[in-house]
Protein chains: 2
Amino acid sequence: MNCNILIINARLLENPGSGAITAQGFVAVKGRMISQIGQMGNLPKDFKADKIIDAAGCLVMPGLVNGHCHAAMTLFRGLADDLPLMTWLNGHIFPAEAKYVSKDMVYWCSKLAAAEMILSGTTTVADGYFFEEEAARAFREIGIRAVAAQGIIDFPAPGVPDPAGNIEAAGNYIAAIPADDLVTPALFCHSLYTCSPRTIQVAKQLADECSCKLFIHVAETRAEVKNHYKQYGITPIRHLQKLNILDKNTVCVHCVWLDAAEIAILAKTGCGVITCPESNMKLAAGVAPLADMLAAGVTVGIGTDGCASNNDLDLLGEMASLAKLHKVTSLEPTSMPAGTCLRLAGKEGARALGFAGIGSLRPGMQADIITIDLNQPHLTPFYNPDILVYAASGADVKSSIIGGQLVLENRRLLTIDLEETMAKVRSLARQLA
Amino acid sequence: MNCNILIINARLLENPGSGAITAQGFVAVKGRMISQIGQMGNLPKDFKADKIIDAAGCLVMPGLVNGHCHAAMTLFRGLADDLPLMTWLNGHIFPAEAKYVSKDMVYWCSKLAAAEMILSGTTTVADGYFFEEEAARAFREIGIRAVAAQGIIDFPAPGVPDPAGNIEAAGNYIAAIPADDLVTPALFCHSLYTCSPRTIQVAKQLADECSCKLFIHVAETRAEVKNHYKQYGITPIRHLQKLNILDKNTVCVHCVWLDAAEIAILAKTGCGVITCPESNMKLAAGVAPLADMLAAGVTVGIGTDGCASNNDLDLLGEMASLAKLHKVTSLEPTSMPAGTCLRLAGKEGARALGFAGIGSLRPGMQADIITIDLNQPHLTPFYNPDILVYAASGADVKSSIIGGQLVLENRRLLTIDLEETMAKVRSLARQLA
């Protein structure tokens with residue numbers, strides 16, 4: 001057996017959410033894929049590997065999928081907390097974006113975000129922002145798998161001063177992204193309150209022509225839904241359906257304020273939904289009807305949202321918040337069990353983003369693999385993988401492989417000068433403070 | 001200036017919750033106390049220190065106060081998640097406790113808990129369990145400040161097979177704890193549904209005679225309050241007031257289901273309240289009326305509760321959950337601002353436990369000090385201390401001093417053989433699994 005990377009002596013969580021664990025296993029990576037997996041006793045005697053990772057004391061599992069992020073917004077982390085929503089947005093975030101978003105800012109701040117995500121177990125991220133080609137460049141350089149979506153908005157935006165050119169700019173963005181396994185281009189219409197129905201329809205047409213995903217924030221706050229109804233006489237999800245926007249290649253983000261008929265629409269059209277529990281909590285947006293969505297068969301993933309509203313990008317923490325939030329608000333301790341959270345932050349999130357080959361350890365799947373250091377007080381004892389949801393945090397991630405490339409080893413990032421990146425972001429932050 | 005430990009080049013958060021930061025400061029520790037504090041420019045030229053800690057890149061702040069824990073329950077971490085409350089308690093936790101709680105278990109599992117707490121920034125813990133003298137021994141050995149409360153229950157309990165002897169056993173426990181600055185003995189009546197009114201009254205009398213605190217779980221679930229009313233014709237808090245239990249030396253834990261008059265009782269009697277947001281979330285107990293309690297002037301601290309119901313002991317994560325839970329359930333993003341969370345997890349929690357000299361960095365205060373490593377992607381940029389609540393986790397704690405003793409340095413525990421402790425707990429866990 002020849003392989004590039006061989007992980008040995010690992011507890012294997014091959015299918016997160018199934019609960020099953022292989023006590024002493026190995027995973028072989030060849031090129032970008034997992035080539036073989038099994039129990040240590042069955043490791044071929046003749047194996048040859050360029051790199052061996054001894055994962056004794058670690059849990060080895062598929063990398064996590066962050067279904068929604070605005071990576072560049074690391075610059076605004078903690079800039080304006082605990083404020084009323086409109087003060088936060090109109091008094092702080094929008095003005096800061098108008099003044100400080102540049103190509104340079106998007107590149108460095110997205111790089112910082114990618115570093116944070118890799119350090120906390122994310123191997124795939126769906127991102128949406130402006131100057132997204134710079135985010136794509138940062139993701140490609142550090143080696144994180146990404147769906148990178150160019151922002152579309154009917155207002156002057158960073159890099160798109162005239163909104164009349166926003167679709168053309170988006171088309172140019174998609175054309176300029178090189179054919180690459182790691183970064184997939186997409187479009188991101190900000191919302192129904194910042195994009196006209198016409199803009200969203202044209203964006204969807206472009207997305208379809210380019211076979212790419214269209215993301216949109218929908219039904220995040222009660223006020224948004226009320227205002228939309230007042231303006232159009234129809235609720236946002238119904239409106240999107242009427243505009244023919246909803247299908248398997250559309251991803252609706254947030255979906256907090258939905259009625260039963262809208263949940264049925266999301267299920268029937270097959271569009272993806274990304275829930276962002278910590279962002280919805282911190283901004284007091286509300287609690288998404290997740291149990292109902294899952295019961296209806298909607299494909300759901302989890303997102304961290306951007307750092308202005310979360311304020312970190314730790315999907316392990318996000319799973320814990322998801323599980324606990326839904327239990328307490330339904331007064332039902334069996335709601336959102338750990339296994340469900342693990343599936344949403346993995347395989348189901350990948351499915352929402354259109355990736356079939358991500359979310360389990362199996363030959364032929366993408367080699368997106370993380371190791372979790374279980375040899376720590378807060379992860380002792382280890383009875384079952386639920387501990388990942390209820391006690392682990394991003395800092396427990398030890399190593400990460402993305403598309404066959406080792407990007408993190410013993411918590412050292414191998415594909416980025418981290419000090420340089422932090423220094424650049426701090427220097428940008430000093431202009432704001 | 002002579003001192004034992006000198007922390008230099010630090011960002012100082014002297015009064016968490018105030019927002020004010022000293023950019024480049026020093027803290028001098030002499031014996032158990034903080035002896036001097038100031039800006040680096042004012043550091044006396046003639047200083048002598050046994051140990052210098054260079055905290056460049058770190059935030060230095062008072063250690064955190066965990067107002068409620070069952071340390072020994074680390075053994076049951078993740079044993080039974082996502083279950084209906086009564087199945088969890090009667091089908092798993094109570095049987096496991098009946099079978100596996102021993103002196104040895106309490107000693108080693110409390111030691112593991114203390115290690116986890118120190119590693120995540122806690123310097124003071126209020127604990128309650130059985131064989132609490134073994135917990136006290138573990139706390140004293142590792143060097144964590146503790147209020148260690150012996151459990152009282154009207155059923156056969158570990159170490160107290162005949163409940164008729166539970167008060168006597170508690171008295172013996174208090175008498176046996178040596179006069180010691182670090183561990184303060186206390187009593188812990190489990191609840192109004194496991195202790196009779198008479199037991200609670202006698203326990204309170206004993207607590208008063210010994211000048212120690214009495215802890216009790218109250219109004220954790222709606223069912224508990226309903227059942228209590230059905231049995232006694234009065235709600236739990238009113239009942240405790242009628243029994244003369246509530247005063248400055250009583251600490252009520254949970255207090256989720258209260259009406260306005262009960263909040264007024266808590267404020268008027270001056271008793272402490274400990275809120276355990278993550279435990280209340282995970283067990284779907286409910287959301288405590290915290291904003292109303294604080295508005296009424298109730299003294300409130302934060303607790304992690306035990307590992308069977310949380311499942312970790314990370315107060316930084318607990319603050320994040322507290323802040324976000326209360327925002328989303330009130331749909332009010334200004335609720336529970338970061339500064340309030342920092343005060344509850346520090347000075348206010350200490351006040352609820354009866355410690356006046358804890359919770360700020362000031363000469364004459366206890367030298368309970370932690371350093372947080374800010375030089376990390378998820379803590380970059382740093383605009384203000386809110387980042388501790390919304391982005392930091394326990395793993396960011398670098399060093400810890402408790403009562404003048406350095407117990408953690410660069411994430412290495414200095415007062416415990418951590419591998420031995422984890423091995424002991426794993427060995428106990430194997431008997432359960």
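**Exercise 1. Is Asn244(B) buried or exposed in this predicted model, and where does it lie?**

Start with the surroundings: Asn244(B) has 12 other C-beta atoms within 10 Å. The cut-off for an exposed residue is 12 or fewer, so Asn244(B) counts as exposed. Next, place the residue in the chain: Asn244(B) sits in the loop between helix H7 (236–242) and strand S11 (250–254) of chain B. Finally, look at the backbone: although Asn244(B) is not a glycine, its phi is positive, about 65°. Most residues other than glycine have a negative phi.

**Exercise 2. Now try Cys255(A): is this residue buried or exposed?**

Count the neighbours first: 27 other C-beta atoms lie within 10 Å of Cys255(A). Since 20 or more make a residue buried, Cys255(A) is buried. Its phi, near 45°, is again a positive value in a residue other than glycine. As for location, Cys255(A) belongs to the loop between strand S11 (250–254) and helix H8 (260–269) of chain A.

**Exercise 3. Find which residues a cis peptide bond joins in chain B.**

Keep in mind that most peptide bonds are trans. One cis bond links Asn310(B) to Asn311(B), with omega about 10°. Asn311(B) is in the loop between S13 and H11 of chain B. Another cis bond links Thr380(B) to Pro381(B), with omega about -5°. Pro381(B) falls in the loop between strand S14 (369–373) and helix H14 (387–390) of chain B.

**Exercise 4. Work out the strand order of the open sheet in chain B, and what packs on the sheet.**

Step one is the order: the eight strands run S6-S7-S8-S9-S10-S11-S12-S13, with parallel pairing. Step two is the edges: strand S6 (64–69) and strand S13 (299–302) of chain B each pair on one side only. From one strand to the next, the twist averages 25°.

Step three is the helices. Helix H2 (residues 103–119) of chain B packs on the sheet and touches S6 and strand S7 (122–129), its direction making about 150° with that of S7(B). Helix H11 (residues 315–330) of chain B also packs on the sheet, touching S6, S7 and S13, and its direction makes about 120° with that of S13(B).

**Exercise 5. Describe how domain 1 and domain 2 of chain A meet.**

Begin with the bounds: the domain assignment gives domain 1 (2–62 + 358–413) and domain 2 (64–353) of chain A. Their centres, taken over C-alpha atoms, are separated by 29 Å. Then turn to the contacts, where 27 residues of domain 1 meet 29 residues of domain 2 in chain A. On the domain 1 side, these residues divide into 14 nonpolar, nine polar and four charged.

Methods:
Residues numbered from 1 in each chain as written. Chains lettered and ligands numbered in written order. Predicted model: local features only at pLDDT ≥ 70, side-chain atom pairs only at ≥ 80, totals over all residues. Pairing = 2+ DSSP bridges. Helix = DSSP H or I, 4+ residues; strand = E, 2+ residues; numbered from the N terminus. Axes fitted to C-alpha atoms, helices over the stretch in contact; angles between N-to-C directions. Contact = placed C-beta atoms within 7 Å. Domains from an automatic or database assignment. Nonpolar A, V, L, I, M, F, W, Y, C, P; charged D, E, K, R; others polar.
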